[in-house]
Each structure stands twice: as structure tokens, then as C-alpha cells.
Amino acid sequence: MDFKKAAILGSYISKDYAEPLFKLLATYHNISASEAASRLNMHIRTVQDFMEAMASLDILEKVEVYEKKRPYFRYSLKKQKIIMEIDLETLFDNPQPLNGFARKIREKKNAGARFSIARNNQYFSSVAIWIGEGRQRKERKISLTTSQGKFLYCLPFPSAETQSISEIMKKAEIDQEHASEILDIVNVLLEYGVIESK
């Protein structure tokens, strides 16, 4: 199950009315949204949305029927067991390119970011960035992992020569196992104009 489908299922399964509706579906051979709403004293729109969502996830079978030439849908359970399984391995299928570590960067002049130092003065614990302009300007604070904090602590100043990401990682004594989180924070700070690449 992908994240989109899992989000839909999680959203509806967490509702107080999910269990009574499933119990009703298990009791009846098939049932319409209006019949279910009447039986449970619920708003028909709420039941309709639930039924449609479960049908889209292939948990319910949805059949169109006609009564006095007016079509409507009846629903029945297709499954007696719902198993939510999300494969996180797909998130690892996009390895970072090696040339990404060769990118030369440094802190951008007048970026307006505020770096907060951790208690031991060995690395940064967070970075605050101002987003927007005028009255719409808001501060966004990003908490850093220890590795990210050490990396940014060794980031060249705006007046200094740029250094490659791998060089800064070596200087900060950061293991390769933290490389993906380093590239992640670099990309975020490049996007917000806190870091520049040359």
C-alpha cells in the first residue's frame, strides 16, 4: 500500500463510526449509504464518503442498482481482513549521486539566518530562517541532527573560499552513514538562500 492509500485508510479507520459501519457491512449482504445512515443515525454524506473511500481501496464492492429508474449504489464487504503494509524500501531506491558531494558551498552573505549553538559549543543545534516579506515575514526554525549541526559549524564563511561537501564532512569528522541527511539539509538551505554553491 502506498502512502496516499494508507493516508485515506488511516483517516477513515480512526473515526469513531468506522467500527459500527464495518459491523453493519459484515451483518448485511449489501447495504446502501442511506440505509446505513438511517440504521446508525448518521448523516448520509458521512456514510457515503466512508463507503466511497473503502470502495476506492477495494475493501468494499460497489454495485449500481436501479429503483423506479433512479440509480443508487449498494455496498458489500470484499474482505474480512484489512492489512496495512507500507513498503519503506522504495524510499531508499534513490541513492544520492556521488558528484553531489563534490559540490562546493559556503554560507551566503547577508542570508539573515540565525544559527543556535548547542550547549557544548561544538556544533549548531538549530537554524532560524526568515521567510516572506514585510508583515507576512515569518520565522522558520529547523532543528538539526548532531551530524548536520557539526557540518554547518564547519561551513565556510561568506568571505572564505568554497569547499566541497565531502571536504566539510571530513573536517567535521562526519561518517558516510550520515551523508544523506547532510545532503538533505544542504538542499534545504540552498533553497532558502542560506548557503550558496559556486
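## Sheets, hairpins and helices in a predicted model

I105 stands opposite S197 in strand 9. That pair is a handy way into this structure, which is a predicted model. I105's neighbourhood belongs to an open sheet of three strands in the order 8-4-9, and another open sheet of three strands has the order 1-3-2. Let's walk through them, with the hairpins and helices along the way.

**The 8-4-9 sheet**

- The pairing in this sheet is antiparallel.
- Strand 4 covers residues 104-107, and three bridges join it to strand 9.
- Which strands stand at the edges here? They are strand 8 (163-164) and strand 9 (195-197). Each has a single partner strand, so one side of each is left without a neighbour in the sheet.
- Helix 7 packs on this sheet and touches both strand 4 and strand 9. Its direction makes about 95° with that of strand 9.

**A residue to find in helix 7**

- Helix 7 runs over residues 179-191, and S180 is found in it.
- Why is S180 counted as partly exposed? Its relative accessibility is 45%, and partly exposed means between 20% and 50%, so S180 falls in that class.
- If you want a sense of distance, look from S180 to I59: their C-alpha atoms are separated by 37 Å. Along the chain, these two residues are 121 residues apart.

**The 1-3-2 sheet**

- Here, too, the strands pair in the antiparallel sense.
- Strand 1 (31-32) and strand 2 (60-67) are the edge strands, each pairing on one side only.
- Strand 3 takes in residues 70-77, and two bridges link it to strand 1. To spot this pairing, find I31, which stands opposite Y75 in strand 3.
- As background, strands of a sheet pair through backbone hydrogen bonds, either parallel or antiparallel.

**Helices lying across that sheet**

- Helix 2 (residues 18-27) lies across strand 1, strand 2 and strand 3. How does it run relative to strand 3? The angle is about 95°.
- Helix 4 (residues 44-56) also lies across strand 1, strand 2 and strand 3. Its angle to strand 2 is about 125°.

**Helix 1 meets helix 4**

- Helix 1 spans residues 3-13, and its axis comes within 10 Å of the axis of helix 4. The two axes cross at roughly 145°.
- The crossing of helix 1 past helix 4 is left-handed.
- Which residues make the contact? From helix 1 there are I8, L9 and Y12, and they meet D49, F50, A53 and M54 in helix 4.
- Sort those contact residues by type and you get six nonpolar, no polar and one charged.

**Two hairpins in a row of strands**

- Strand 5 (residues 114-117) pairs with strand 6 (residues 124-131) over four bridges, in the antiparallel sense. In this pairing, S116 stands opposite S126 in strand 6.
- Strand 5 and strand 6 form a hairpin with six residues between them. N121, in the turn, has a positive phi of about 60°.
- Strand 6 also pairs with strand 7 (residues 138-143), again antiparallel, over six bridges. S126 turns up here as well, opposite S143 in strand 7.
- Strand 6 and strand 7 make a hairpin too, with six residues between them. In that turn, G132 has a positive phi of about 90°.

Methods: Residues are numbered from 1 along each chain as its sequence is written. This is a predicted model: local features need pLDDT of at least 70, side-chain atom pairs count only at pLDDT 80 or more; totals for chains, interfaces and linings use all residues. Side-chain values use heavy atoms; hydrogens and water are left out. Two strands pair if DSSP finds at least two bridges between them. Contact means heavy atoms within 4.5 Å. Axes are lines fitted to C-alpha atoms, for helices over the stretch in contact, and angles run from 0 to 180 degrees between N-to-C directions. A crossing is left-handed if the near helix is turned anticlockwise from the far one by less than a right angle, and right-handed if clockwise. Ala, Val, Leu, Ile, Met, Phe, Trp, Tyr, Cys and Pro count as nonpolar, Asp, Glu, Lys and Arg as charged, and the others, Gly among them, as polar. Buried means under 20% relative accessible area, exposed over 50%, partly exposed in between (1.4 Å probe, protein chains only).
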